[in-house]
Amino acid sequence: MKRVVIIGGGVSGLATAYTLEKLHPDLSITIFQPGGKLGGKIQTVKRAGCTIEEGADSILLKSGSDLERIIEELGLSGDLISPKQRSFSIQRDGILHEVPLGLLRGFPENVRSLWKCSLFSLMGKLQATLCPALDYLFPSSAQGDPSIAESLRRRFGREVSRYFFETVFGGIHSGDAESLSFKSLYPDMAKRRAGGKYGKARFVSFREGMNTLPKALSSALRRTVVADSVVSSVRQDESGIFQVEADGEFFAFDYCVVATPAFAAKEILFELDQGLSAALAAIDRSSSAVVTFVISKSDVLKETRGSGYLLAPTEGGYVTGCTFSSQKWDGRAPEDLLVVRVFFGRNGGVREVADEELLSTAKKEVRVKLGVEKFQECLVTRWEQGLPQYVCGHEEKLQRIDSRVTNFPGLFLTGTSYRGVGIPDCVHQAVVAAKQLGDLHQQQSLERFESEFHEGEAYGKSVCA
Ligand SMILES: Cc1cc2nc3c(=O)[nH]c(=O)nc-3n(C[C@H](O)[C@H](O)[C@H](O)COP(=O)(O)OP(=O)(O)OC[C@H]3O[C@@H](n4cnc5c(N)ncnc54)[C@H](O)[C@@H]3O)c2cc1C
């Protein structure tokens, strides 16, 4: 039986194992995951009767996607919930402006939403209404890989791009929209001409929290072994077998899937190929943190509107936004409690800041915005190097990685650092990696069968002779 190792038990590693088990029952599979803590950046905890997301809190689920199919196969479709709120706010010059979700949709819904929104000046609204038409009539001849900011300035004008799109996309990625690649992060939007259609997609979460997905994936695994170990290196011997070093011991595998972020893969693969390791190191990443509070509603003195708010990049500081989780999703807290998440990640400062400072800054933010003085529960979660940054030129970086990986048949890289950071993208890449591995396995099995058959034929002939 051929042996597969999957390094990393986040959603990418789990979806790889799930797909391999379904398609190739003849493979034995081992996942290495430190602490056996499956799910990676999808972690849900319970505090004071509340459901708290430490990492991802929603999924943009496209119809017809691999993730939608897997959710159906796992019997989770009935557990999906939609956000209760249809708006959020953006802070500009210290003032919160309510923004309808329609601004993220296509023409004409976004234009109607734009004109209702107090975030922009009259000039900004006029520009944003006329720019798409100009962009349509005189398409940009700019080639290459423009940033999110550059692309959206052209489509919607400077003001709407700055205060809306750069705030939203910069916040999601804890990064700078001036340097993030539009086509690598939002290929559908980048291809779409102004006024075109968005694919059918909806924001969802799970009734019992996001870890429903990794839990169901791991429960569906029948033959996969999860080993609680840190992988430090991978080598390939002359016969093509991968020697995986985990917690000081060596294990042999026929196929190797590295499903960790690139910054971890670069360490693991250093001894295999320093060139590959250097190519992986070139993928930028940023650190972020989330401080979650459970607050009694009776202690909230100011209005909490919509699902929360984001701070425009011009506001300074490293708080990027705040979500009223229990107001956004059903069932996250008992009636009398509010779950609030404060996000940090702008301006690169988070790594150097101690937990105590994050906590006091988050408390100050909530005190100012909600008038809250008492906090029932506080939880600080740090995501060191947790968000890959697909900066302009990301595709060339991927090509360099791919060209090195092809030198090692049986080696596959998958996960958040490469072709999409959202959970559905990670699942799609995992399915692709599993299928490629399966194809190679079938091809090698066929070659082995043919060579054994010819050997047998030759032996039969020599015996008969
Ligand atoms: C704060 C935050 C909020 C987010 N919100 C959303 C959201 O709302 N919606 C969305 O779609 N996406 C969101 N994302 C992104 C999304 O969660 C991730 O892209 C996705 O979960 C990554 O999955 P992964 O399996 O590729 O990587 P990871 O989740 O990082 O999993 C990799 C695993 O590899 C393990 N590992 C690392 N090194 C080793 C080693 N040496 N040996 C063995 N194992 C190792 C790690 O422990 C980890 O479990 C968010 C991310 C963050 C940080």
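User: Let's start with the β3/β4 pair: how many bridges join strand β3 to β4?

Analyst: This is a predicted model, so everything here is computed from it. Strand β3 (residues 44-47) and β4 run antiparallel, and T44 stands opposite E53 in β4. The number of bridges joining the two strands is 4.

User: And which residue in the turn of that hairpin has a positive phi?

Analyst: β3 and β4 form a hairpin with 2 residues between them. Phi is positive, about 50°, for one residue in the turn, and that residue is A48.

User: Are the residues of β4 on its two faces buried or exposed?

Analyst: Take strand β4 (residues 50-53) one face at a time: C50 and I52 sit on one side, T51 and E53 on the other. Both faces are covered, and these residues are all buried.

User: Over to the sheet with 5 strands: which strands stand at its edges?

Analyst: The order in this open sheet is β10-β2-β1-β14-β20, with parallel pairing. An edge strand here has a single partner, so one side of it is left without a neighbour in the sheet. That applies to β10 (225-227) and β20 (411-413).

User: In β20, what is the bridge partner of C256?

Analyst: Strand β14 (residues 255-258) pairs with β20 in the parallel sense, over 3 bridges. For C256, the bridge partner in β20 is L411.

User: What angle does the direction of α1 make with that of β2?

Analyst: Helix α1 packs on the sheet, where it touches β1 (2-7), β2 (27-32) and β14. Its direction makes an angle with that of β2 of about 170°.

User: α1 also packs with α9. Why are the two called roughly parallel or antiparallel, and which is it?

Analyst: The axes of α1 and α9 are 9 Å apart, and the helices pack at an angle of about 30°. Angles under 35 degrees count as roughly parallel. The two helices are therefore roughly parallel.

User: How many charged residues are in the contact of α1 with α9?

Analyst: On the α1 side there are V11, L14, A15 and Y18, which meet L213, P214, L217, S218 and A220 in α9. By class, that makes 8 nonpolar and 1 polar, while the charged count is zero: no charged residues.

User: Besides α1, which strand do the buried residues of α9 pack against?

Analyst: In helix α9 (residues 212-220), the buried residues are L213, P214, K215, L217 and S218. They pack against α1 (11-23) and also against a strand, β9 (201-206).

User: Now α11 and α14: what is the handedness of their crossing?

Analyst: The axes of helix α11 (residues 274-281) and helix α14 (residues 394-405) come within 9 Å and cross at roughly 160°. The pair is therefore roughly antiparallel. As for handedness, the crossing is left-handed.

User: How many charged residues are there in the contact of α11 with α14?

Analyst: α11 brings G275, L276, A279 and L280, and α14 brings K397, R400, I401, R404 and V405. By class, the contact has 5 nonpolar and 1 polar residues, and the charged ones number 3.

User: Last one, on the sheet with order β11-β12-β13: in β12, what is the bridge partner of S233?

Analyst: This open sheet has 3 strands with antiparallel pairing. β11 and strand β12 (residues 242-246) pair over 5 bridges. In β12, the partner of S233 is E245.

Methods:
Residues are numbered from 1 along each chain as its sequence is written. This is a predicted model: local features need pLDDT of at least 70, side-chain atom pairs count only at pLDDT 80 or more; totals for chains, interfaces and linings use all residues. A residue is buried if 20 or more other C-beta atoms lie within 10 Å of its own, exposed if 12 or fewer, and partly exposed in between; C-beta atoms are placed from the backbone. Two residues are in contact if their C-beta atoms, placed from the backbone, lie within 7 Å. Axes are lines fitted to C-alpha atoms, for helices over the stretch in contact, and angles run from 0 to 180 degrees between N-to-C directions. Angles under 35 degrees count as roughly parallel, over 145 as roughly antiparallel, 65 to 115 as roughly perpendicular and the rest as oblique. A crossing is left-handed if the near helix is turned anticlockwise from the far one by less than a right angle, and right-handed if clockwise. Ala, Val, Leu, Ile, Met, Phe, Trp, Tyr, Cys and Pro count as nonpolar, Asp, Glu, Lys and Arg as charged, and the others, Gly among them, as polar. Two strands pair if DSSP finds at least two bridges between them.
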